[in-house]
Structures are given as structure tokens and as C-alpha cells.
Amino acid sequence: MSLKIGIVGLPNVGKSTLFNALVKGSHAEAANYPFCTIEPNVGIVEVPDHRLKPLAEMSKSKKIVPAVIEFVDIAGLVRGASKGEGLGNKFLAAIRECDAIGMVVRFFEDSNVVHVEGKIDPFDDIKTIETELQLADISTVEKRLYSLEKELKSGSKESKLVHLGLQKIKDKLYAGENAREAKLDDTEKEALRGLGLMTQKPIIYIANCSEEQLVSKSVSQLASKSAAEFLRISAKLEAELNELNDEEKAEYLDTLGVKETGLNQLIEESYKTLGLQTYLTTGEMETRAWTIHQGDTAPKAAGVIHTDFEHGFIAAEIIPWQDLYAQGSWSAAKAHGLVRTEGKTYVMKDGDVVLFRFNV
């Protein structure tokens, strides 16, 4: 399954710098003036997975295929973006195509980098962005409500369902809240899935910090004033880390008292926020990681490889990756009774190694 995270924020908060650091080798422009990013930049990032290499060595795989995340660097929003200010409409459209929003807010101080609002206030920045997204969503909801009028007269049950869900969302938006806070049941959520409301998307709040702020208690105290949970990343540090080898990188992070790179933290948070997990396949041709939703059944997981696998699903042979690796081969694991045959109701677990049986 594809996974797309939109990196958004006000101009000059370090979005493009962070994007360039996350997507090493990307050519997104990072400059000290508003709207330097006109077209959204897109980069594909591999998801680190320590299980792939040992399984590939065991299977003598010809290649390793990790899961990936697509990051989209979306140009800075400003007050009035919902009305087209600062090329706002174009950028709002780019956000609608993403699965989640990574909202970058500026915590670092730097007199050489201007702030579009003239001051460093991360919570005010968040409010500005969320307000613009809410206003844009209000416009979308009102247009859909208007178009529903004729459908409602026909007595369509689906139209009534959509109308009810839209009214709940509209009430929240007019109260200055987000669409995701509306209490929709599953049928209403499904009916409104294609609407693409931005404030219904999950948000990861990213605090762009200086190196000192990464471990500073003052940042924690400041962040505690907000209901948002911040992921601390230093875009400047991430860029510097890209110039180091793995050993030097680990040593540098250790001196700072930081356990993981910002990229790894963001990937982990993205999976957590979207409720995702990974299963694995391994063989002579390749060892590969596949991304699925937590709670997905075996047929649903098979469909990520190919829709025919889901439609013609018969069974799945499954083993935790540690057990398979410890045995050294699929045949040895089978001989020791460690490979289970599961049916259509089996709920996948992170780290399952799978061989699907299907009939097309």
C-alpha cells in the first residue's frame, strides 16, 4: 500500500530543509524567503527494518525490498491561504492527496532566518495553519451540502447518511475545531471517505529545534502548554548527519544524548499515527516488507501484493520472523511444527513471515 505524508507549515520554519535531509539526494530548494517551494517536491524514503537483512541472508535472496514512505514538501501556508493568499489554493489541493500531515512548527531561534509572522510562537503557527485548513474544509462541506439538496429530495438513504455526517462536521468546523473531532459512526465515515477533508487527516506535530533544544527541558515545558504531542527534530542536524557514515552518525547522536535520527522517529510516528504494521515475505528471488493496517486479516494482507491474491485466497502459512530465522529455513521450521496454516479470519501480526496459497 502507498503511504504519503505531507510536510506542511508556515514559510521559513525549515520544511524544505527538513525534507532535503529526510530524502537524501533530493533537490528541493531551501531558501530564506516565503514561497521558495512552488511545486510540491516528492521523495521516496525506505523504512528501516532490521529483520530484512538476516532473512535475506537465510533465504539467499537476490534482492531486498523494504517498505517505503512518500514525503511531499508542500509550500508554506499563510493567513488567508483558504482564500487563495500566497498561492494557497494550489497547496491546499496537494495536502488533500496525503494520508497524513506532518506539521512543522519552528522552535529554533535564528536572527538570520525571518519568520513570516515576525515572531517565534509555535502555538500561534499551529492555530494559523489549522484555521486555514478549517476554513478550506468549511468551503468543501458547504459545496457538498448544496449539491446534496436534489439528491435528498429523491429519498436516497446514502444521501441522508452523507448529509448527517456533513452536518456533524460542519458544526465542529464552525466551532473552530477539526473534522476529525466529529463523532461519526463507521457508515458515516465510509460515506464521506472520498471528500478529502484536510482536518480529518491525522496530524504529526514536528518541532523543528536547534541541537540544544532536542534534549532541552525548556522545550518540554513550552510544549506542555499545548494539547499537541511534539516530535522533536532538528532539520539542521539531520542535514549534517547525511554527511556522516553510519558509525559516525551513531557516535554523533550519542554525544547529543539522542537515540535515533529524526527520520527514523518520523517513520515510527507515521506508522503509529496511521495504525500501520509490516509483514514479510522471503525467498530466493527477494525478501520484502509489506505495509498493512493493524487489524487486517490474511486475505486483506494478501491483497496488498495483488488483488487476485485476496479474491482467490485459500490459506496462509505463517511464522514469526524470529522463529523462521532461528530454524534457518522454511523446511526446517515446518519440520519442527512452527509454521501455522491460517484461514480467512486470521488477523495479521507485525513481523509475520507469510506464504499465501490462492486460486485465481
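Thr282 lies in strand S8, and the account below starts from this residue in what is a predicted model. At a relative accessibility of 21%, Thr282 counts as partly exposed, because the range for buried residues ends under 20% relative accessible area. Leaving aside residues up to four places away in sequence, Thr282 touches Leu55, Met58, Ser59, Ser61, Thr287, Leu324 and Val353. A further relation across the chain links Thr282 with Leu355: the two are 73 residues apart in sequence, while their C-alpha atoms are 8.5 Å apart in space.

Among the residues touched by Thr282 are Leu55, Met58 and Ser59, which also appear among the buried residues of helix H2. Helix H2 spans residues 52-59, and six of its eight residues are buried, so this helix is largely enclosed by the rest of the structure. The six are Leu52, Pro54, Leu55, Ala56, Met58 and Ser59. What do these buried residues of H2 pack against? Their partners are strand S3 (63-65), strand S8 (276-282), strand S9 (286-293), helix H13 (321-327) and strand S12 (352-358). Just after H2, Lys60 takes a positive phi of about 55 degrees.

For the protein chain as a whole, 14 helices and twelve strands are assigned, and 48% of its 360 residues count as buried. Among contacts with a separation of 6 or more, 67% are accounted for by residues 24 or more positions apart. The chain exposes about 18200 Å², of which carbon and sulfur atoms supply 51%.

Two surface patches can be described alongside this picture. Glu247, Glu248, Glu251 and Asp254 gather in a patch of negative charge on the surface, and Glu247 has its place in helix H9, which covers residues 246-256. Glu247 is exposed, because its relative accessible area of 64% falls in the range over 50%. The other patch is nonpolar, has an area of about 250 Å² and is made by Val42, Ile44 and Val68. Within this nonpolar patch, Ile44 is found in strand S2, residues 41-46, and its relative accessible area of 51% makes Ile44 exposed.

The table lists the relative accessible areas of the three residues discussed individually.

| Residue | Relative accessible area | Class |
|---|---|---|
| Thr282 | 21% | partly exposed |
| Glu247 | 64% | exposed |
| Ile44 | 51% | exposed |

Conventions: Residues are numbered from 1 along each chain as its sequence is written. This is a predicted model: local features need pLDDT of at least 70, side-chain atom pairs count only at pLDDT 80 or more; totals for chains, interfaces and linings use all residues. Side-chain values use heavy atoms; hydrogens and water are left out. Patches are made of residues with over 30% relative accessible area and no salt bridge: like charges are joined within 9 Å, nonpolar side chains (Val, Leu, Ile, Met, Phe, Trp, Tyr) within 5 Å. Accessible areas come from the Shrake-Rupley method with a 1.4 Å probe; for residues, only the protein chains shown count as cover. A salt bridge is a side-chain nitrogen of Lys or Arg within 4 Å of a carboxyl oxygen of Asp or Glu. Lys and Arg count as positive and Asp and Glu as negative; His and the chain ends are not counted. The place of a charge is taken as NZ of Lys, CZ of Arg, CG of Asp or CD of Glu. Helices (H or I, at least four residues) and strands (E, at least two) are DSSP runs, numbered from the N terminus. Buried means under 20% relative accessible area, exposed over 50%, partly exposed in between (1.4 Å probe, protein chains only). Contact means heavy atoms within 4.5 Å.
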